[in-house]
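Biologist: Thanks for sitting down with me. Could we go through this one together, one question at a time?

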Amino acid sequence: MVKDITIGQYFPGNSFIHKLDARAKLIVTFIALIEIFVCKNFFSLALIFIFSIVSILISKISFKVVLKGLKMIYLLIALTSILQIFYNEKGKVLLEWWKIKITSGGVNTAIFMAVRIITLIFISSLLTYTTSPTALTDGIDRLLSPLKKLKVPVDTLAMMMTIALRFIPTLIEEIDKIMNAQKARGADLETGSLLKRAKALIPIFIPLFVNSFRRAYELAFAMECRCYNGSNHRTRMKTMKFSWRDFVAFLWVAVMLAAIILLNHFFGAVI
Amino acid sequence: MENDSLIKFNDVSYRYESDTDTPLPLAIKNIDLDIRKGEFVAVLGHNGSGKSTLAKLANAILAPESGKIFVNGMDTSDESLEYEIRQTVGVVFQNPDNQIVATIVEEDVAFGPENLGIEPKEIRRRVDDALKSVGMYEYRFHEPHKLSGGQKQRVAIAGIMAMQTECIILDEPTAMLDPKGREEVMKAMQRLNKELGVTIVLITHYMDEAVKADRVIVMDSGRIVLDGTPRQVFAEEETIEKAGLELPDCAKLAHALKRSGVNMPSDILTPDEFVEAFQRCVSGGGVL
């Protein structure tokens, strides 16, 4: 059950997108996400939507996986879209019943919002699907390193992220073990009201927390033994280098931004 | 000989802090110990005999209550030397899950040298060497949580090796492993000691592992009760049993046979020795 959690899942591969520098990927993703919000009409939105689909194709990640990522939030997408239908009163009236009026403007924005959220998920999940957690934290670490001058503890934050990612599978395994142990003692985790089931989780989480503290203590010892002291003298085994691929990616999003602005300019806005 | 000393305990005592008003008893009592360069030392003792405390004291994680510990001549009570002491003496702990920091094997091995501020190229070389010498090079891109216990523990050992410490203390590294994992780790340790000249201090409660060491130290309630070669130590059956330990299986069997009248030597440690001595007994008409 708990094994279904797919936060930050990474699918190793050898595609163009996998080979991009983590920093470049972060920047490109960030710009692409902004571009989604810059879109004002269906033409520009279609452009970025196609971009996301093409990117997924290039990454060779199966669509099944990407759609599975959507499953978690389909309710959110539906809800936002439906609300748009009722709150927008622009355009032709398509349907009128009692106080509810459905307009063409409403339907348009509803579709627009849905596509926008889907594109958002596609692009952002592509980042984690194609970048190893280590490369990702390393990339964030390096991108934020100018903040060190402002006394922001960037190294420490990156180390915290690394350790958190490192322990997700360990803790998931541990939850499974504790759940089985409690079930063996007769704990009932699957039946009863929501409140009852929530209460049944308490004996799962208390041992989990206690164990986590013990783990943290031991890990701190082990890290100290390996001369970690949170200072800035750390070096890195892997050096990062931008390659021609990264420039292609930068160029791609730049051209797209220009195209979106032009399309926004020449065609009427939906929202 | 004095120059060969790597870790030196001079009349060391240590006591853990108590949560209540009554102080806890001493975990380590007036210990004098000298570990020389290149030795393979096994430290034996039942739970709570103070053997793990010994490891933490040698690594400057704990400071002695009284007495002095010198690592390569550096006083472990001096906090400014902590960093250098830990570059000389590395510790591998019992639970491999709680000492692996990174999400990829090779990055975890690189963690120590990265902390020391070593050049990227040199780190790369050290990481590759360390992984090769524990036989985990093919697994360098794997995720640690997908490895077996023995493999994880070997990664942890490689992590210390990459720091090029002169001495590695292993605190019950095989306690959580299955027999196969134990053998893998044991082989890796022996190779480090014999081929690379790394001083190994193995804290364990498996007698069969201690037999493979050059020197065995037996601890009981904070004191060293025996110190010598495995042959010398395991000949002292009574003292070993008083310390809450058992002899290695073959030694136990040999002692039992001897008691029942079979003419067996009393210093047998390994299965091979046992077989040889037993054959001699049978062919020489030594049986009864």
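What follows is a short conversation about a predicted model.

Biologist: Let's begin with the contact between the chains. How much area is buried between chain B and chain A?

Modeller: Happy to start there. The contact draws on 38 residues of chain B and 30 residues of chain A. Carbon and sulfur atoms give 56% of the buried area. That area comes to about 3100 Å².

Biologist: Nice. Which residue of chain A forms a salt bridge with B:Asp108?

Modeller: Between the two chains there are 4 salt bridges. In the one made by B:Asp108, the closest N and O atoms are 3.5 Å apart, and the partner is A:Arg226.

Biologist: And which element gives the most to the side of chain B that touches chain A?

Modeller: There are 13 residue pairs in polar contact between the chains, both residues at pLDDT 80 or more. On the chain B side, the elements giving two or more residues are α2 (82-88), α3 (105-115), α4 (120-133) and α5 (149-161). The top contributor, with 10 residues, is α3(B).

Biologist: Now to the nonpolar surface patch. Which helix gives the largest share of it?

Modeller: The patch covers about 990 Å², and its members include A:Leu79, A:Phe86 and A:Trp98. The largest share is 5 residues, and they come from helix α5 (residues 74-87) of chain A.

Biologist: One last thing: is A:Trp97 buried or exposed?

Modeller: A:Trp97 belongs to that patch too, and it sits in strand β1 (residues 93-97) of chain A. Its relative accessibility is 60%, and the cut-off is over 50%, so A:Trp97 counts as exposed.

Terms used: Residues numbered from 1 in each chain as written. Chains lettered and ligands numbered in written order. Predicted model: local features only at pLDDT ≥ 70, side-chain atom pairs only at ≥ 80, totals over all residues. Heavy atoms only, no water. Patch = residues over 30% accessible without salt bridge, like charges linked within 9 Å, V, L, I, M, F, W, Y side chains within 5 Å. Areas by Shrake-Rupley, 256 points an atom, 1.4 Å probe, with all protein chains shown as cover. Salt bridge = Lys/Arg side-chain N within 4 Å of Asp/Glu carboxyl O. Helix = DSSP H or I, 4+ residues; strand = E, 2+ residues; numbered from the N terminus. Buried < 20%, exposed > 50% of the residue type's maximum accessible area, 1.4 Å probe, protein only. Contact = heavy atoms within 4.5 Å. Buried area = accessible area lost by both parts, 1.4 Å probe. Polar contact = N/O pair within 3.5 Å; in protein donor to acceptor, adjacent residues only side chain to side chain.
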